[in-house]
Amino acid sequence: MAKKKHAKRARKRHDRITLTEEDRTQLQMLLDRVMAQDPEGETFIQFVESLKPLIQRSVPFTLAFVEALGSTPSPVAVKVLQILQKIPAEKPVRRALKTALYRLERQGLVKEEEESESEPRVLIPRPADRQAEAWASWPESQGERGMVLKLPDAGRGYVMAIAVVTSEGVFHEFEAIQTTRKGVRALLDKMTGGVEGRLIEIPVEHFRFLIEEVAEIYQRQNHALPSGYEPIHKYLASRVEVVSGPHVYNLLDEKEIVEDPILLRTADSLLEVQPFVTWRLPEGLIQSFVEKMKELSESRLVISQSAQMERTAQIHREAVAEIFTPELRQHYRRLLEETALLLHLTDRPQEAKRALAVAIDLENEIGLLTEDNFILGLVKRSIANEVGPQLEGAEEQAKRERITESGLIIPR
C-alpha cells in the first residue's frame, strides 16, 4: 500500500513539472537571478514585480519555479514566495505556494508576521515609465478601431498588445510582442505616423473591458480567439479590476444628458468635426433608398421644388426608420459611447455630451418623427455620397487603402 502511495505521489510530481528544454533553461536563469537579490534591498519589490509576466506564462512553468524555491533554504526564496502568494493565481499554483512556504517554515526560515506594526510599511512605487498603459484610436464610420496596450515585462523590457477590431466587432488581429522602451516609442510613432491625437490614452481597466466585449462575440459564435489574446487577458485579469460597462459613464452624468433635449437636437453639428466627418453608412444598407432618390431626380414628371424636397425628406426618414434595426442601433450606440469617451479625454466636453446623447437615444426605436438629427444627418450624407459619388484619383485611393479613416497606420 505504501509503495502505491509513493508511486502516485511521484507520478503527480512528474506530471506537474514536465518542461521543455527551453523552459528548463529559462527556469534556471530565473532562479539564478532571484538568488542574486538582496531581500532587504530597496529595489527588491520592483524586481519581483518584473518577474510576474514571466512566471505567469504557464501553470507548469510557475509550479516548477515555486517548487524550486520551496527546495531552496534562503530568505530570498521565502520573501519571493510570500509576495507571490498575494497575486491572484490558479488553484494548483496557490496550493504549491502554500506547500513551498510550509517546507521552508519547518526549517525555521519563515518568520511570523507581527499582529501590528508601529509604522505602516511603505513599498517603493513602480517608476512612472514602468506602469501599464493603454490607448485607443478613434472609431471609424462602420466600427473599425485599434487598441494598444503596454505592459512592463521581465527586466527593463515590455510586452505590447495590438488589437484591431473589424466592423463586425471581431479581431482583425490580436498580436502580443516583446520589445524595449525604444521599441515602444517606435511602434507608437509608426502607428500614428508621428501625428499627435491619433491614439488616445485610456484606462487599462477599460482596455480589459473592450477586449472582453469582443471575446464575448467569439464565445457566442463558438469560435477560437487569436492566440495572443489569452496571455494578455490572463495578465490583466490578475491585476486589473473587472468593470461592468463603458468608462464614459464614469465621467459623464447619464441622467443629466438625457434631461437636456438640446444635446440631441443639435447633435448633427458633430458631423462637421473629427472623427465624424468621414462617417458613412455601409452601401448595402442604403442601396434601395439611393435608387429611390435617383428615380426622383431622373423622373420626367414635373413637380414643384417644394414637393420634391418633401419627397426627399420622406425618403430620408423612411431610411432612418428601416435601416436602424435593434442590432444596428446597438452597434452605433457602442461606437458613439467610445467616441464620446475619447472626446471627453481630449477636452471636448460639449461634443462628448452630444455624442453620448445620441448613443443613449439609440436604445429607443427610431421612428419617422425622430429628433435624433445626428442619425438623420448621417443617413442624408450617406445617400448623397452614393447618388453623386465624386471620382477619386489613383493616388488618393491608394492612400486610403494604406491608412484608416482616423489616420492610424496598422503595422504589418
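Modeller: A salt bridge, as the term is used here, is a side-chain nitrogen of Lys or Arg within 4 Å of a carboxyl oxygen of Asp or Glu. This is a predicted model, in which local features need pLDDT of at least 70 and side-chain atom pairs count only at pLDDT 80 or more, while totals for chains, interfaces and linings use all residues. Residues are numbered from 1 along each chain as its sequence is written, and side-chain values use heavy atoms, with hydrogens and water left out.

Biologist: How many salt bridges does the structure hold, and which residues are linked in a network of them?

Modeller: The structure holds 13 salt bridges, and the network links Glu213, Arg333, Arg334, Glu337, Glu338 and Glu363.

Biologist: Which parts does the pair Lys353 and Glu256 tie together?

Modeller: Helices are DSSP runs of H or I with at least four residues, numbered from the N terminus. The closest N and O atoms of Lys353 and Glu256 are 3.6 Å apart; Lys353 lies in helix α16 (residues 349-361) and Glu256 in helix α11 (residues 254-258), so this salt bridge ties together parts that are 97 residues apart in sequence.

Biologist: Are Lys353 and Glu256 buried or exposed?

Modeller: Buried means under 20% relative accessible area and exposed over 50%, with partly exposed in between, using a 1.4 Å probe and protein chains only. Lys353 is partly exposed at 22%, and Glu256 is partly exposed at 44%.

Biologist: What is the N to O distance in the salt bridge of Glu351 and Arg348?

Modeller: Their side chains meet at 2.5 Å, N to O, and Arg348 is partly exposed, with a relative accessible area of 23%.

Terms used
Helix = DSSP H or I, 4+ residues; strand = E, 2+ residues; numbered from the N terminus.
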